[in-house]
Amino acid sequence: MVHFLHPGLSPRTIVPPDARKDVLGFLVVQEDASPYSLVNICLNVLIANLEKLCSERSDGTLCLPEHWCFPQELADRFVWLMTRQGKLTDRTASIFQSNRMKLKLVNIQKAKISTAAFLKAFCHHKLIELDATAVHTDLSIPDILSGLCSNSWIQENLRRLILDSTSIPRDSRLLFFGQLTGLRVLSVFNVCFRSEDLANVSQLPKLESLDISNTLVTNISALLTCKDRLKSLTMHYLKCLTMTKPQILAVIRELKCLLHLDISDHGQLRSDLAFHLLQQKDILPNIESLDISGSNYITDGAVELFIQQRPAMQFVGLLATDAGYSDFFSAKKGLRVAGGANISQISEALSCYRNRSCFMKEALYRLFTETFSTQITMPAILKLVAVGMRSHPLDLPVQFTASACALNLTRQGLARGMPVRLLSEVTCLLFKALKTFPHYQQLQKNCLLSLTNSRILMDVPFDRFDAAKFVMRWLGKHESPKMQAMAVSITSILALQLSPEQIAQLKEEVFMAVKELLAIVKQKTAENLDDVTLLFTLKALWNLTEQSPAICRHFIENQGLAIFIQVLETFSETAIQSKVLGLLNNVVEVKELFPKLITEDMVKHISSLLHSKDLEVSYLAAGIIAHLTSDKQPWISCDLQRTALLQDLYATIQKWPSSSCKMTALVTYRSFKAFFPLLGNFSQPEVQLWALWAMYHVCSKNPSKYCKMLVEEEGLQLVCDIREHSEADPQAQQIAASIVDDFKMYFINYQRPSLCRPFL
C-alpha cells in the first residue's frame, strides 16, 4: 500500500495522526540539540576532500579508489548530501558510475548536471525512487525518462518519480511514461505537462499517487482510466482547466478509491470548486485527507458537515479560507488542520506547504501575528520557518516575513531555549537573504535586530566576517538613533570575534566605520551625554584597533586623539576612561605614531590617570606610559620629562596589589608580541616591570589561554632571561620567577623540549 502524502512530507516517514505533532516537535529538538551523526560527519569530510581522495579519469571526471565499497543506505545519503551542498556536478557525479555504489533512493534536487552525466552516474543502478525536482535545464524530463527507460529493471521496479519544476524543451511533444510500468507515485508539479501526457500516465498499471499541480492540463477525464487504483490526487492551482464544475465533480465522483484529494487554489485564482464539492453527499466516501486551502466561499458549517459524513477524515487544508475557526476543529480527535486560526493549524500549514510559496507567505504572516508577544520557546516552529526560507530563497515576501517570524521566536530569552544548530541555520539563512535582496531595507533591519540577541551573537556559529561587513556598512547609513545604537553594539562585539587578518580584509568597511564611530563619540561628547551608545562606540573602536596598525593610523589621521582627549576632559566615569585608555594602548603599540602621541595634553591626562583609584584605569594608563617611554628618540625634541614619567610609573606599580588581584575581565590580549620589546628593555626596568605584571595578571586569570600563548609566541624564554639576568631589576626578576614557577605545569604541557632550562 502507498500511503498518501501531503506536500513536503517524506514518503518514508509515516507517523500516526494523533501523535504526529508531538513526535515531529520532539524530533526537531532532538535532532538540532544532538551532535551530528557519525555517518554524516564522515560523509561531509569525504565530500570536502573528494579532489584529494579521488583519481581523475581521462575526461576530467573523478573516480573513487577501486577498493571502496558503499552499502546502499550510505550511497543514497552520499548523493543527497552532495546534492544539498551543491557539490553534485558532472565532474563529481561520475563517482557513482561504479557498481561498487549500490544506489536505490536517489535525490538530486536542484543539481546542476548534464544529461550525459545523469545517464552514466545513475541509470545503471536498481533505482526504486528518484527525486529530480528543479534540476538544471541541461537535464530535461524527456532525457530523464529516456535514461530511466534504458534500464529494464528500472522500468519494472521504479516506484516513485518526482519531477517538480523540471524543464521540458519547447519542441517536445508527448512525454513517454508508459514504459515505467512499476511506477506508483508520480509528481509533475509546475511542469509543462499536458492533457495528452495525463492520458498516457493514467494507463500506468500500478499508479496510486499523482500530483499534476500547476500544469497545463485542461481536461482530467483521463483519470477515469485509473479510477480503481488512484488513491492520492493533487491538483493544486490547475489554472488551465476548461471543464465545467459539474464535469470536474463527475470525474472526482468516480474516483472512489481516493484517500487524498488536493484541489487547493492559488490566492489569485480563488476558485469555487471546493465550495461545490462540499455540497456533494455521494462523493469521496473513503476520503481521509482533503485540501481546499485558498478556495472561495468556504464556511465552518460546510466543512464540519462534510467531515462528519466521512468519519475516516484525518486532515483538512483550510489556509487562506474563512473556515477553521470553530471549536469543532480543535475538539475532533485525530483531525489535523492546516489553517491560520491558531498556532497548531499554522504549524501544520508550514509543514504541508513548504514547497508552495503562495501558502508559505500566508502561513508565515499568520505566524507573525500569532507569535508577536509569545513567551513560549517553540523550536519546532522555528525549524519550519527555516525550511520555508530554504525552500524559497528568491521569494522576497517569504524571506521578509520569515525574518520577522524568526525575530518573534528568538527575541529576549526565547533564544536560550533553542538548539544552537537551529539558531545557526536560521542566522545563516538571514544573511543569505541579505545577499539576495541587498536593497530591501526592512529585511536588513530584521537581520540587524537578530544580531542584537546575545545568545546568537556570542554562542551561535555563523559567518562573522560577512556579518561585520554588513553591520559596518549599515553604520554609514545614518539611520535612526535606535538602529545606529544597535549597529554600534554589534560592531563592538563582532570586532573582538574577528582575527586581525579578517579585519585587515575589511579595510574599506573598517575605515568607514571608524569615521562614523568617531563622529558619534564627538557628538556625544559635545552633548555631554554618557549613554550606553557612547560606551559601545568606545568599545568598538578599542576592539577594531587591536593589533591593527593601519586602523590605528587611520584613527590618528581622523583626529581620533584630539577627540579622545576631549572625552577625557568631559567625562570622569571610570567605564569611559578605561575604554579610552584601552584604545590608546593599541595605538601606542605602533611605534611610528609616537611623535603624534607625545603631546602635552596626552602626557598630562595619562599622568593624571596613572594615579586613579580604579586599578584598571591606572593599569591601562601605565601601559601607555610604558610603551611611549620605551624609546628615547621621540622625546628629544620636546620639553616633556620622560625620566619623571618613568619614575612615576615605577612608584605606581609598587603601590598596586599582587598581580593576581581581581581586575575586570575586559583586559584581554590576542597576543603578547607587543610586550616583547618591553621585556627586552633592560635599560628601562620600569617598562619591564609593567609588562611582567601584566603577563602574570592575565596568566593567573586564564592560565590555559595565556600560558599557551606565552610558549607558542616564544615569550617564555624572554621571561626566563629576565629571571636569570645579573643586571635585571630585583622586582622584575621576582615577578619573572613567579611566572615561571607558578605556572610551571601549564608550561610543561605546552613547551617544546629545549625551550627553557628549568623544565628540562
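Reader: In which helix is the place of valine 45?

Author: This is a predicted model. Valine 45 sits in helix 2, which spans residues 38-48.

Reader: Is valine 45 buried, partly exposed or exposed, and why?

Author: Partly exposed applies between 20% and 50% relative accessible area. Valine 45 is therefore partly exposed, because its relative accessible area is 47%.

Reader: Which residues make the nonpolar surface patch of about 420 Å²?

Author: Tyr36, Leu38, Ile41 and Val45 make that patch.

Reader: How should the sign of phi be read at asparagine 190?

Author: Most residues other than glycine have a negative phi. Asparagine 190 is not a glycine, yet its phi is positive, at about 60°. The residue is found in the loop between strand 6 (185-187) and helix 9 (195-201). With 36% relative accessibility, asparagine 190 counts as partly exposed.

Reader: What is the phi of tyrosine 237, and where is this residue found?

Author: Tyrosine 237 has a positive phi of about 50°, although it is not a glycine. Its loop runs between strand 8 (232-234) and helix 10 (245-254).

Reader: Does tyrosine 237 count as buried or exposed, and why?

Author: Buried means under 20% relative accessible area. Tyrosine 237 counts as buried because its relative accessibility is 16%.

Reader: Where does threonine 401 lie, and with which residues is it in contact beyond its neighbours within four places in sequence?

Author: Threonine 401 lies in helix 17, residues 396-410. Apart from those sequence neighbours, threonine 401 is in contact with Leu364 and Tyr365. At 14% relative accessibility, threonine 401 counts as buried.

Conventions:
Residues numbered from 1 in each chain as written. Predicted model: local features only at pLDDT ≥ 70, side-chain atom pairs only at ≥ 80, totals over all residues. Heavy atoms only, no water. Helix = DSSP H or I, 4+ residues; strand = E, 2+ residues; numbered from the N terminus. Buried < 20%, exposed > 50% of the residue type's maximum accessible area, 1.4 Å probe, protein only. Contact = heavy atoms within 4.5 Å. Patch = residues over 30% accessible without salt bridge, like charges linked within 9 Å, V, L, I, M, F, W, Y side chains within 5 Å. Areas by Shrake-Rupley, 256 points an atom, 1.4 Å probe, with all protein chains shown as cover. Salt bridge = Lys/Arg side-chain N within 4 Å of Asp/Glu carboxyl O.
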